[in-house]
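User: I would like to go through this protein and its ligand with you, one point at a time. Please give the reasoning before each result.

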Amino acid sequence: MTVESLFEALKKTLEEYEPEKAAEIAQELIEAQVDPLKVIDEVLSPTMEIIGDKFDKMDIFLPELMGAAEAMQSATSVLTKHIKSTTERSVTKGKVVIGTVHGDIHEIGKNIVKIMLEVSGFEVFDLGKDVPSMQFIEKAGEVGADMIALSALMTTTMVSQKEVIELLTALGKRDDYIVIIGGAPTTATWQQEIGADGWAETAVQAAKLATDLLKKKAR
Ligand code: B12
């Protein structure tokens with residue numbers, strides 16, 4: 001099969017909710033030496049977006065959305081194992097506490113950001129999904145984090161990103177951590193509005209952002 005036809009086949013596994021086949025095709029793409037990030041950015045994420053729109057328009061319902069998400073996760077878990085590290089593992093750029101904010105169970109994008117941070121040399125502490133705001137701050141204190149990374153996928157949960165920053169400020173800890181935010185509904189404008197230090201649209205940009213912000217702080 002050509003790479004193009006493997007891309008098409010992978011797309012179909014999301015549309016037809018086939019997680020096992022998704023993993024198989026992801027493995028074939030790895031064997032064909034295709035860049036795993038290209039597969040995530042050019043095939044999986046856009047397909048998931050189309051599926052999200054269908055859900056929005058009620059062309060499909062929650063079980064189908066969950067099936068597609070399962071296929072995406074299955075492919076992503078194969079692909080992310082093969083994202084090449086850009087730094088020596090022994091060199092740690094800094095510590096990041098990451099999670100999806102309170103009220104929000106979307107974690108696929110956050111997991112990709114986590115991997116990108118790890119392969120860029122960060123030590124990452126993943127709190128998972130639906131994380132209470134205070135837990136980010138407690139964990140950051142416990143591990144001596146440099147940065148807190150907050151993912152939110154819904155307009156209704158973006159406010160929890162704001163809440164974490166407000167809590168940090170109230171506790172007199174706002175300057176202790178760099179706070180970065182992301183997730184489909186978030187924007188640079190939202191970042192400025194809530195006083196976060198950075199925002200990125202994709203996982204690759206997130207890793208670059210984290211590196212740049214940390215360098216700036218060290219200066
Ligand atoms: C998959 C999915 C699900 C899966 C999630 C599975 C999982 N384990 O994560 C399931 C089926 C469980 C689900 C459930 C629900 N979902 Co949903 N879901 C989606 C969908 C289709 C795709 C999200 C996704 O994984 N995208 C792929 C990843 C790779 O992209 P990403 O998350 O955006 O991440 C990238 C960037 O944003 C960025 N990034 C992400 N996080 C961070 C963090 C930082 C710090 C940085 C810098 C960058 C960054 O980097 C990532 C990689 O490049 C979206 C539609 C969409 N277009 O987003 C709807 C969507 C988010 N869901 C929606 C809804 C409504 C729900 C439900 C409420 C449905 C229901 N009725 O129960 C529940 C949520 C319950 C809850 N309390 O959270 C709505 C939200 C509407 C809104 N209010 O804004 C959307 C937009 C669909 C729609 N169009 O209506 N969902």
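Analyst: What follows is a set of questions and answers on a predicted model.

User: Into which domains is the protein chain divided, and how many Å separate their centres?

Analyst: The chain is divided into domain 1, covering residues 3–80, and domain 2, covering residues 94–218. Taken over C-alpha atoms, the distance between the centres of domain 1 and domain 2 is 26 Å.

User: What area is buried between domain 1 and domain 2?

Analyst: Eight residues of domain 1 are in contact with seven residues of domain 2. Of the area buried between these two domains, carbon and sulfur atoms give 82%, and the area itself is about 610 Å².

User: Which residues of domain 1 lose the most area to domain 2?

Analyst: Three residues together account for 60% of what the domain 1 side buries against domain 2. Those residues, which lose the most area, are Leu37, Gln73 and Thr80.

User: How many salt bridges are there between domain 1 and domain 2, and how many residue pairs are in polar contact across their interface?

Analyst: For polar contacts, where both residues must be at pLDDT 80 or more, the rule finds zero residue pairs across the interface of domain 1 and domain 2. The count of salt bridges between domain 1 and domain 2 is likewise zero.

User: Which element gives the largest share of the side of domain 1 that touches domain 2?

Analyst: Two elements give two or more residues to that side, namely helix 3 (36–56) and helix 4 (62–80). The residues of the side divide into four nonpolar, three polar and one charged. The largest share, five residues, comes from helix 4.

User: Which residue has a polar backbone atom 2.7 Å from an oxygen atom of the ligand?

Analyst: The ligand is surrounded by 37 residues, and the closest are Ile105, His106, Glu107, Ser151 and Thr155. In the side chain of Ser151, an N or O atom is 2.8 Å from a nitrogen atom of the ligand, while for Asp56 a side-chain N or O atom is 3.3 Å from a ligand oxygen. The polar backbone atom that is 2.7 Å from an oxygen atom of the ligand belongs to Glu107.

User: Why does the salt bridge of Lys110 and Asp126 tie together parts that are apart in sequence, and how many residues apart are they?

Analyst: A search of the whole structure finds eight salt bridges, and one of them joins the side chains of Lys110 and Asp126 at 3.0 Å, N to O. Because Lys110 lies in helix 5 (residues 108–119) and Asp126 in strand 2 (residues 122–126), the pair ties together parts whose separation in sequence is 16 residues.

Note on methods:
Residues numbered from 1 in each chain as written. Predicted model: local features only at pLDDT ≥ 70, side-chain atom pairs only at ≥ 80, totals over all residues. Heavy atoms only, no water. Domains from an automatic or database assignment. Contact = heavy atoms within 4.5 Å. Buried area = accessible area lost by both parts, 1.4 Å probe. Salt bridge = Lys/Arg side-chain N within 4 Å of Asp/Glu carboxyl O. Polar contact = N/O pair within 3.5 Å; in protein donor to acceptor, adjacent residues only side chain to side chain. Helix = DSSP H or I, 4+ residues; strand = E, 2+ residues; numbered from the N terminus. Nonpolar A, V, L, I, M, F, W, Y, C, P; charged D, E, K, R; others polar. Near = heavy atom within 4 Å.
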